[in-house]
Amino acid sequence: MTELKAPHRLYLHEGEMPTQWYNLRADMKELPDPMLLPNGQVATEEDIYPVFCKKLAHQEMDNETRFVDIPDEVLDIYKVYRPSPLCRAYDLEKTLGTPAKIYYKFEGNNTSGSHKLNSAVAQAYYAKDEGLKGITTETGAGQWGTALAEAAQYFGIDLIVYMVKVSYEQKPFRKAVMETFDARVIASPSDTTNVGRAILAEDPDNSGSLGTAISEAVEVAVTTEGYRYVLGSVLNQVLLHQSIIGLETELAFQKLGEYPDIVIGCAGGGSNLGGLVAPFMRDKIQGKTNPRVIAVEPASCPSLTRGRYAYDFCDTGKTTPLAKMYTLGAGFKPSANHAGGLRYHGMSPILSKLYHDGYMEAVSCEQTKVFEAAKLFAQRETILPAPESAHAIRCAIDEALKCKETGEAKTILFGLTGTGYFDLMAYTQYNDGAMTDYIPTDEDLAKSLDELPVVPGIE
């Protein structure tokens, strides 16, 4: 009798798409440590009103509400590109000769080419609902800036994007797409802010970082009437919005009658990983199942694998409240690797807490190994992955090869967060044999870790 095969791509019906986001904090046995003000006092919801929209500030601080209704206006846009497919990588499995089943949740079927639109739509909606004139943000590789440009234009609000300079130069067409949606795009560090000018005065050739771009965007937001700041990763509110990825994946696996043994996601600030793993992590916390959850980060910016679990600023300019997270230090200057969305010194407080408490694993990968996996995946599965996503692919391949050695037919799930069609310079460099790897030394990391803030009352 022929075995019934899972489809190459399983799409949920529009009516099956979740209408609520899931807040993992409501089911965590121990919550992440609270956000602090620089004086050591616990930040309140009202304390962050000058930076964030009020409803987003509430979502940031809400540790109790398990499910949050998705506004109808947000659902209307979601339905344009969601539900996204859960795909079975049959050809990759065959090439690897593995008994493992490899699935991936593909989030690249929208103009931004990534999962970032899930939170961008929500944050732009709340800004419009509050009556704001505009919003500011940062972007690394450009996926978040592109997604937010789409969302801001749809809701009719202004957008200023500070794009990490090295990505601004590596990915000029991302800028073109953002400007098509009427966003103003500025290379960071820039001479348009106090923090940018200070950084350039010290290092005129500074290639930028997400921490620096955040500082500039926050400065403009808090000094411009009618503007607020929005962020595409790290924050609790962002992981809340991205939970739709995991909720859809859970429903798709239920239809297949399967459940993942291993869940893998690339990790920079934590948005896609946190969204993908949310329902599976809930099951693990509650003792219903025990999937391995693996965060994959670049070896050049290893916050989980080599960072310190401590309170730190979320930005290089040290203007934000302090978050307890795995960090390399706000002053850490990441190398100019091609996974721009993963060049961040810290990690989501939620994921940091889960990792610290042993619910997650973490690995780091050199970019040449990452692009080796990306190329194989593209050849076998016909999708050119983003460099960020390719970190998860690398790990999924490695785990599938372990199954080949042991003969275990495990079910592996990874997040394919987006496409790499704006990353062709990186692919060209890899194909030409010109790509190199950079791994910071312990001495490199010590420079920024030694400058972690000393918080009153916190050891």
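The following exchange concerns the packing and the aromatic contacts of a predicted model.

Biologist: Which helix supplies the largest share of the largest nonpolar core?

Modeller: That core has 38 residues, and Trp21, Tyr78, Val121, Ile135 and Leu159 are those with the most contacts inside it. Helix H2 (72-81), helix H4 (117-129), helix H5 (143-155), strand E7 (158-164) and helix H10 (236-256) each supply at least two of its residues. The largest share, eight residues, comes from H4.

Biologist: Within what arc do the buried residues of H2 fall, seen down the helix axis?

Modeller: The buried residues of H2 are Val74, Leu75, Ile77, Tyr78 and Tyr81, and they pack against strand E2 (20-22), H4, H5 and H10. The face turned away from that buried side carries the exposed residues Asp72 and Val80. The buried residues line one face of the helix, because seen down its axis they fall within an arc of 165°.

Biologist: Is the ring pair of tyrosine 22 and phenylalanine 67 tilted or edge-to-face?

Modeller: Tyrosine 22 is buried, with a relative accessible area of 1%, whereas phenylalanine 67 counts as partly exposed at 37%. Planes over 60 degrees apart would count as edge-to-face and those under 30 as stacked. The ring centres are 5.5 Å apart and the planes stand at 40°, so the pair is tilted.

Biologist: Which residue has its charged end over the ring of tyrosine 309?

Modeller: The ring of tyrosine 22 has the charged end of arginine 282 sitting over it, 5.6 Å from the ring centre. For tyrosine 309, the charged end lies 4.6 Å from the ring centre and belongs to lysine 324.

Terms used:
Residues are numbered from 1 along each chain as its sequence is written. This is a predicted model: local features need pLDDT of at least 70, side-chain atom pairs count only at pLDDT 80 or more; totals for chains, interfaces and linings use all residues. Side-chain values use heavy atoms; hydrogens and water are left out. A nonpolar core is a set of buried Ala, Val, Leu, Ile, Met, Phe, Trp, Tyr and Cys residues joined through side-chain atoms within 4.5 Å. Buried means under 20% relative accessible area, exposed over 50%, partly exposed in between (1.4 Å probe, protein chains only). Helices (H or I, at least four residues) and strands (E, at least two) are DSSP runs, numbered from the N terminus. The arc is that of the directions from the helix axis to the C-beta atoms. Contact means heavy atoms within 4.5 Å. Rings of Phe, Tyr and Trp (its six-membered ring) pair if their centres lie within 6.5 Å; planes under 30 degrees apart count as stacked, over 60 as edge-to-face and the rest as tilted. A charge sits over a ring if NZ of Lys or CZ of Arg is within 6 Å of the ring centre and within 35 degrees of the ring normal.
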